[in-house]
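Reader: I work at the bench and want to learn how to read a model like this one. Where should I start?

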Amino acid sequence: MGFTTVYNTLNKNQKVAVDTSDGVVMVVAGPGTGKTQVLGARVASILKNTDTNPENIMCLTFTEAATTALRNRLNQFIGSESYKVNVYTYHGFCNTVIQENKDLFGIQDLDPISELEVIEVLREIIDELPHKSLLKRYVGDVYYDSFNLKKLFGLMKKDNLNLKEIQLRIEVAIEEILSNSDFYYKRKYKEFNVGDLKQKAFDDVKKSLDKLEEASSLLVKYDAKLKARKRYDFNDMLAWVLNEFRTNNDLLLKYQEMYHYFLVDEYQDTNGIQNDLLYSLISFWDNPNVFVVGDDDQSIYKFQGANVENIFEFYKKYEKHIKLVILDKNYRSSQNILDGSNAIIKHNQERLVGKVPNLNKDIKAANDEVASIKGSLKIIEYPNTFQEIVSITSKLKTLKQKGISLSTVGIMYRNHSQSAELIKYLESEGISYNVAKTQDVLEVPLVHQLNNFLTYLMLESSKLDSGQHLMFEILHYHNFQNISAFDIARISNQLSKNWDKGWREQLNTTAENLDLSKESKTELRKFIADIEYWLKEMHNVTLQILIERIMSKIGFVARALSSRDATYQIQCLKTYYNFLKEETARQPYLSLAEFLDKIKLLRANKLGLKLNKIIHGIDGVNLMTVHGSKGLEYDYVFVLGCTEKKWEKDSTSLPFKLNLLIPGEPKKATEEESRRLFYVALTRARKDIEISYAVKDDKDKDLTKSLFVVELEESGAASFQQQEAAEEDLLHFFDFMLTPQNKEYISLIHQDFVKKEVENFRLSATNLNSYLRCPVAFFYQNILRVPSAKGESATFGTAIHYALDGLYKQLFSLKESSDAKELLKKRFSAAMNSSKEAFTKEGLERRLYYGIEILNKYYDKYAESWKNEKEIHTELYLKNCEIDGVPIRGQIDKVVVDQRAAHVVDFKTGQVKYGIKKVKPPVSLEDNPNESNFEKRFGGDYWRQVLFYKALIESDTTQNLKVISGEIDFIEPDNEELKKVKIVINENEYAFVRSQIKSTFKKIQNLKFEQGCEQEDCQWCTFNSFYSKNKEYRGESLLHQSYEMD
């Protein structure tokens, strides 16, 4: 289609945008108003009506996809000349400038930094922080702020901010806070008078700003570390070019002479540095030939640094010369849909409307085919999320039966996780679909198993049986023909009897004694021989060769090739192996341990190894996030899951309270960003759109509809309906979703060796808490006793206990406080160093410093009070006790006795804010199975522990003590303060815990281990689900079975 033909189809305002060749032009283009058509036609018009060459025109777009779309449109208008027009993303343009001037930028020896290297650099910076730094943490996730630093540095570079500018903005922010009446008392309160400053509120904000200032100061250090590594950040390219343009006038003039016309697409999505680059390029002229097109109401990339304020700033900067063109004729949607969309977006304050005189952005339907369709905008309420999935699927079937291609249908959601159950059901119903999403291959079972196997080899190569906690899982997915899941459970149980020997040692020396068939033993011996071979071989070959051979010889490649989605599985293995090649290219002598540490780092920082998984079905329905729908349109649209949880609460905030410094930022900036996204969703539809939500989730918890649904209801543009799926469809859905339990797994629980194990079982407080929290995890950990690795936090806690026990035992023989502190340091350090394998080198150093510091603080605060404790027992172990017919046992940290009255003390490490909820009793002393919150239903673990200790001590008739109270003693400070929580014994609460003890023991005796907690983060429920969903597991690959479920 030639330019003249296209031009004749344009409306009046579109022609104005195309014809105004010279000077500043800003086009505000609402959704569906033909902006890409206008951009292409304008370039063609410039070439036709001026003597400009295509090489002298530059178009800047926001994404590579937009670059391709514009190039294709130009090709339609001007043919091969379109390839001479410079169409770039901002990064693409800057890369061209750098490559054309390599000597100037000095990048010959530099490589772009990987995401993993960014995290490594940030961790280095955090490790090097002084002890009193506001960013230094000693407990929990000590690298918590690495993600915030990464985001902050990215935003600073995108907005072209430095520390000085941050400091100036902080000063302004503090002045604004001090002039804000909300920070002053409006009436007398306690000792505060009217007009007094709310010091705590001010100090909290001030501390956040101090933290922001310190974090911002680290950008210089970050850049220096990149330079030392000969790396550069992706955002650096824009900063380098901008800096050269500002300081090197000859370079700037070179490109100003090269380009005579500038066109910018999606201007509302530009960030600060992109905007500054544009201003530099056009700075030579007072009234430059620049054309920007965008829509402030469709600015949805704030999380990437986009600033909606840029579009208004551009208008004000060139207000004297600017030609403002409004495109408000929509060629996509019905007027009914547009009425709802217009009503929604008017709730936003941060808009050009109201700032630009006489601006009206209400869009009007101009497509006669769809303009007058009535009832095309619907709000649908479903009883629960299952009904929502089933009903939408049923409607897809109906559309298909009417002869409507599902390729004209779009299903949208806030994030990809909302589509998981829908995709499974679409597959079961034979409905093809199109979806593209990024997959972390480290979460793919095959790659997870490969990584586990390598981890096992790495651990075993350093210390015998140090990797045995992984053996149980590895045995399950090894391709045995004669060893079943039941056999593996029996192996686990038998080997655990010899507590002084590990699995590998026993399997190498006494495998013949296991209660297995001859064939099973043969297979097991071969497996162990393979393990020994690879442990030897790993020292004789390069890391790349080792992993390549293991992938092939152990069967990972074969499993991938035999799976239903073989191509994708092979891509996953390749992605993992390519990462290995990249890292060994950087470090040729990388060890297996170092490589696995990098994998662990990827996981810890939620980076993963990304692979785009694209599924394209013939005539398939289109599934996507709303962000992914930008620029697309469909005849029929379903927007599911429109609840408050997904739309208002599922948002990304700025790091370190950076939002306090952003000019023009309204109080409800996050809400307005989400509303713009909702507006984008509405305006994707041509003929019909359903906005749906459920009032209950899949666990029957109440859900609240989104604020934007309410606004849509209030507009009167949308019809409202309450719908339910047909009963027949629901039954079919549940028949598909509720896979039968694994009979072999159930029989495993009821085997004789399990029954024998529980016959001599004695209940401890830890056992009680564990079973109440998750019977499945309890079964694997306490009955099968699957090996587990030493955890850093648990090892740290054990060392603290060991140090305090030593102190109390010598308390009255120590004359000076320095002697006591030296003893604490000596015992703590000895315990920590004896378990070095639980820590990284940096982790051990950090924990040693932190532990000694908190032990000294603990001693300084409480040493004086210990003089009044005449009789103290520490690490008191009681094992032959009984309460209400239940055998119980336990070890108590500290018992203070005063005339037969006992006070029990339990030391706790860990953050107080997480532990404090565990000291409370349940909300009711009558068990309520409908209460989903563990602490509210069963009471906190620490509270129950104290009452369990009462039962333990009072059942020991040799002592004749009565426990009257307990205490949870938090060893780690909370905001520099040490805390203790006293628990006064209440007889009714004690009776409640006794009933828990009795009923839990009875359930254990009756082998009630089938039902787990089903929490997403429960390792054993997740592990169990792989097997319980298969009818039978007889040595087949777990990987293969899990693909069947996918």
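**Reading the model, feature by feature**

Author: Start with N358, which counts as exposed because its relative accessibility is 83%, above the 50% cut-off. Keep in mind that this is a predicted model.

Reader: Where does N358 sit in the chain?

Author: N358 is in the loop between helix 16 (335–345) and strand 10 (364–365). Its backbone is worth a look too. Phi of N358 is near 60°, a positive value, and the residue is not a glycine.

Reader: What is the phi of K606?

Author: K606 has a positive phi of about 55°, and K606 is not a glycine either. K606 lies in the loop between helix 27 (592–604) and strand 14 (610–616). With 77% relative accessibility, K606 counts as exposed.

Reader: Now the sheet. In what order do the 6 strands run, and is the pairing parallel or antiparallel?

Author: Read a sheet from edge to edge. The order here is 3-2-6-7-1-8, the sheet is open, and the pairing is parallel.

Reader: Why is one side of strand 3 and of strand 8 left without a neighbour in the sheet?

Author: Strand 3 (86–89) and strand 8 (323–327) stand at the edges, and each has a single partner strand, so one side of each has no neighbour in the sheet. On average, neighbouring strands of this sheet are turned by 15° against each other, direction ignored.

Reader: How many bridges join strand 6 to strand 7?

Author: There are 3 bridges between strand 6 (residues 261–264) and strand 7 (residues 290–294), and the two run parallel. In this pair, L263 stands opposite F291 of strand 7.

Reader: Which strands does helix 2 touch?

Author: Helix 2 (residues 12–19) packs on the sheet and touches strand 1 (25–29), strand 7 and strand 8. The direction of helix 2 makes about 145° with that of strand 8. Helix 4 (residues 64–78) lies across strand 2 (57–61) and strand 3, at about 165° to strand 3.

Reader: And pockets? How do I find empty space?

Author: Rolling a probe the size of a water molecule over the atoms shows where empty space is left. In this model, the second largest pocket holds about 1300 Å³ of space.

Reader: Which residues lie nearest the centre of the second largest pocket?

Author: L134, K136, R137, K207 and N975 do, out of 32 lining residues. Helix 38 gives the largest share of that lining, 5 residues. Other elements supply at least two residues each, including helix 10 (199–217) and strand 22 (962–974).

Definitions and conventions: Residues numbered from 1 in each chain as written. Predicted model: local features only at pLDDT ≥ 70, side-chain atom pairs only at ≥ 80, totals over all residues. Heavy atoms only, no water. Helix = DSSP H or I, 4+ residues; strand = E, 2+ residues; numbered from the N terminus. Buried < 20%, exposed > 50% of the residue type's maximum accessible area, 1.4 Å probe, protein only. Pairing = 2+ DSSP bridges. Axes fitted to C-alpha atoms, helices over the stretch in contact; angles between N-to-C directions. Contact = heavy atoms within 4.5 Å. 1 Å grid on protein atoms, 1.4 Å probe; cavity = no way out; pocket = protein on both sides within 12 Å on 5 of 7 lines; lining within 4 Å. Points joined across faces, edges and corners; volume = space filled by probe spheres on them.
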